[in-house]
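Colleague: I'm new to this one and would like a close look at a single part. Could you take me through the charged pairs and what surrounds them?

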Amino acid sequence: MALSADGGRTWPLRHDLETGDGHCLTNNSRDGLNRELSYPSLAQTPDGTLHVAYTHHRRTIKHLRLDGDWLKREVPA
């Protein structure tokens, strides 16, 4: 996930939501051969909470609930 404060010219704040190889050379999800992460969606509720949902390995929908300030935090190198 990335945040731009200049209309998309730069993306200085970036965080990985999921780390993996993203392998998708087959539609075989049953045997764990499709490790695709796809179709992300993001919504922010009035209290500032970020809700992220995406397809996880073509088997489930994964939902993450993040504090609204999470994206602005520095990540140690």
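Modeller: Let's start with glutamate 36, which counts as buried because its relative accessibility is 12% and the cut-off for buried is under 20%. Keep in mind that this is a predicted model. The side chain of glutamate 36 meets that of arginine 58 in a salt bridge, at 3.3 Å from N to O. Glutamate 36 sits in the loop between β2 and β3, while arginine 58 sits in the loop between β4 (50–56) and β5, so their pairing ties together parts that are 22 residues apart in sequence. Unlike its buried partner, arginine 58 is partly exposed, with a relative accessible area of 37%. Why can such side chains pair at all? Side chains of opposite charge can do so when their charged atoms come close.

Now look at arginine 35. This residue is in the loop between β2 (13–14) and β3 (37–44), and it is partly exposed, at 27% relative accessible area. If you'd like a sense of what lies across from it, take threonine 55: the two are 20 residues apart along the chain, and their C-alpha atoms are separated by 9.8 Å.

How many salt bridges does a search of the whole structure find? It finds two, so we still have one to visit. That one joins the side chains of lysine 62 and glutamate 18, with 2.9 Å from N to O. Here lysine 62 belongs to strand β5 (residues 60–66) and glutamate 18 to the loop between β2 and β3, so this pair ties together parts 44 residues apart in sequence. Are these two buried or partly exposed? Lysine 62 is partly exposed, at 28% relative accessible area, and glutamate 18 is partly exposed too, at 25%.

Stepping back, here's the setting for those loops and strands. The protein has five strands and zero helices, so reading along the sequence gives you β-β-β-β-β. Of its 77 residues, 21% are buried, and glutamate 36 is one of the buried ones. As for contacts between residues at least 6 apart in sequence, 27% join residues at least 24 apart. The accessible surface comes to about 5,900 Å², and carbon and sulfur atoms account for 51% of that.

Note on methods:
Residues numbered from 1 in each chain as written. Predicted model: local features only at pLDDT ≥ 70, side-chain atom pairs only at ≥ 80, totals over all residues. Heavy atoms only, no water. Helix = DSSP H or I, 4+ residues; strand = E, 2+ residues; numbered from the N terminus. Buried < 20%, exposed > 50% of the residue type's maximum accessible area, 1.4 Å probe, protein only. Salt bridge = Lys/Arg side-chain N within 4 Å of Asp/Glu carboxyl O. Contact = heavy atoms within 4.5 Å. Areas by Shrake-Rupley, 256 points an atom, 1.4 Å probe, with all protein chains shown as cover.
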